Amino acid sequence: MPGLGSFTTVVGPLMAILALVAGILILIRPSIMNFIVAIYLIVVGVLGIISSGFSLIPVLTLVAGILILIAPSILNFVVAIYLIVIGVLGLIGGGLSLMPVLALVAGILILIMPRLLNYVVAIYLIVIGLMGLVAYF
């Protein structure tokens, strides 16, 4: 596909910026968190599918976003399970590194203390956004 190489080099920083913006928006406007998380996951899932094909993580991300958009009442459950699965897959596929551990811890925290959902998700997104930007710049 022509021009895909330049697109894939932009996807990483773009996803990091999206995570950072989504995390900040959740802190500023927690009342629209369902919408922010759903749109973030859908966009990241689509970008992942475009850049790396129909692999498990981008498809899982897209499905999680669509589920939250369709049924916002299951946000806690979907986000917690999504983060735990992403964390476990990251640890299995890449060994012990910070991002999968953060996802796993965030998912478990959401299951244990659902009232902290806004803060856990916002902080998680801000941290991975900053880590992603540092990795690319």
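Is Ile 108 buried, exposed or partly exposed? At 38% relative accessibility, Ile 108 counts as partly exposed, and the views below place this residue and several others in the predicted model.

**View 1. Ile 108 and the nonpolar surface patch.** Ile 108 belongs to helix H5, and its relative accessible area of 38% falls between the limit for a buried residue, which is under 20%, and that for an exposed one, which is over 50%. Together with Val 63, Leu 67, Ile 74, Phe 77, Ile 81, Val 85, Leu 111 and Ile 112, Ile 108 makes a nonpolar surface patch of about 750 Å². The elements that give two or more residues to this patch are H3, H4 and H5. Between Ile 108 and Arg 29, which are 79 residues apart in sequence, the distance from C-alpha to C-alpha is 24 Å.

**View 2. Helix H6 from end to end.** Helix H6 takes in residues 117-136, and its 20 residues, at 1.5 Å a residue, should span 28 Å. The C-alpha atoms at the two ends of H6 are 28 Å apart, which agrees with that expectation. Many positions can be followed along this helix, and the buried ones are Leu 117, Val 120, Val 121, Ala 122, Tyr 124, Leu 125, Ile 126, Ile 128, Gly 129, Gly 132 and Leu 133. When reading such a list, it helps to recall that an α-helix has 3.6 residues a turn, so residues three or four places apart point the same way.

**View 3. Val 121 and the nonpolar core.** The largest nonpolar core has 29 residues, and those with the most contacts inside it are Val 37, Val 79, Val 121 and Leu 125. Helices H1 (4-28), H2 (33-52), H3 (56-70), H4 (75-94), H5 (98-112) and H6 each supply at least two residues of this core. If neighbours within four places in sequence are left aside, Val 121 is in contact with Ile 26, Met 33, Val 37, Val 79 and Ile 110. As a general background to this view, nonpolar side chains in soluble globular proteins tend to be buried together.

**View 4. Gly 132 in helix H6.** Gly 132 has its place in helix H6, and it counts as buried because its relative accessibility is 9%, where the limit is under 20%. Although Gly 132 and Leu 14 are 118 residues apart in sequence, their C-alpha atoms are 9.1 Å apart in space. Apart from its neighbours within four places in sequence, Gly 132 is in contact with Ala 16 and Met 99.

**View 5. Thr 61 in helix H3.** Thr 61, a residue of helix H3, is buried, with a relative accessible area of 2%. Not counting residues up to four places away in sequence, Thr 61 touches Leu 41, Val 44, Gly 45 and Tyr 82. A further point of reference is Val 79, which is 18 residues from Thr 61 in sequence and 9.9 Å from it in space, C-alpha to C-alpha.

**View 6. Pro 114 in the loop between H5 and H6.** Pro 114 is found in the loop between H5 and H6, and with 38% relative accessibility it counts as partly exposed. The residues that Pro 114 touches, once those up to four places away in sequence are not counted, are Asn 76 and Leu 109. Pro 114 and Leu 75 are 39 residues apart along the chain, and their C-alpha atoms are separated by 10 Å.

Methods: Residues are numbered from 1 along each chain as its sequence is written. This is a predicted model: local features need pLDDT of at least 70, side-chain atom pairs count only at pLDDT 80 or more; totals for chains, interfaces and linings use all residues. Side-chain values use heavy atoms; hydrogens and water are left out. Helices (H or I, at least four residues) and strands (E, at least two) are DSSP runs, numbered from the N terminus. The expected span of a helix is 1.5 Å times one less than its number of residues. Buried means under 20% relative accessible area, exposed over 50%, partly exposed in between (1.4 Å probe, protein chains only). A nonpolar core is a set of buried Ala, Val, Leu, Ile, Met, Phe, Trp, Tyr and Cys residues joined through side-chain atoms within 4.5 Å. Contact means heavy atoms within 4.5 Å. Patches are made of residues with over 30% relative accessible area and no salt bridge: like charges are joined within 9 Å, nonpolar side chains (Val, Leu, Ile, Met, Phe, Trp, Tyr) within 5 Å. Accessible areas come from the Shrake-Rupley method with a 1.4 Å probe; for residues, only the protein chains shown count as cover. A salt bridge is a side-chain nitrogen of Lys or Arg within 4 Å of a carboxyl oxygen of Asp or Glu.
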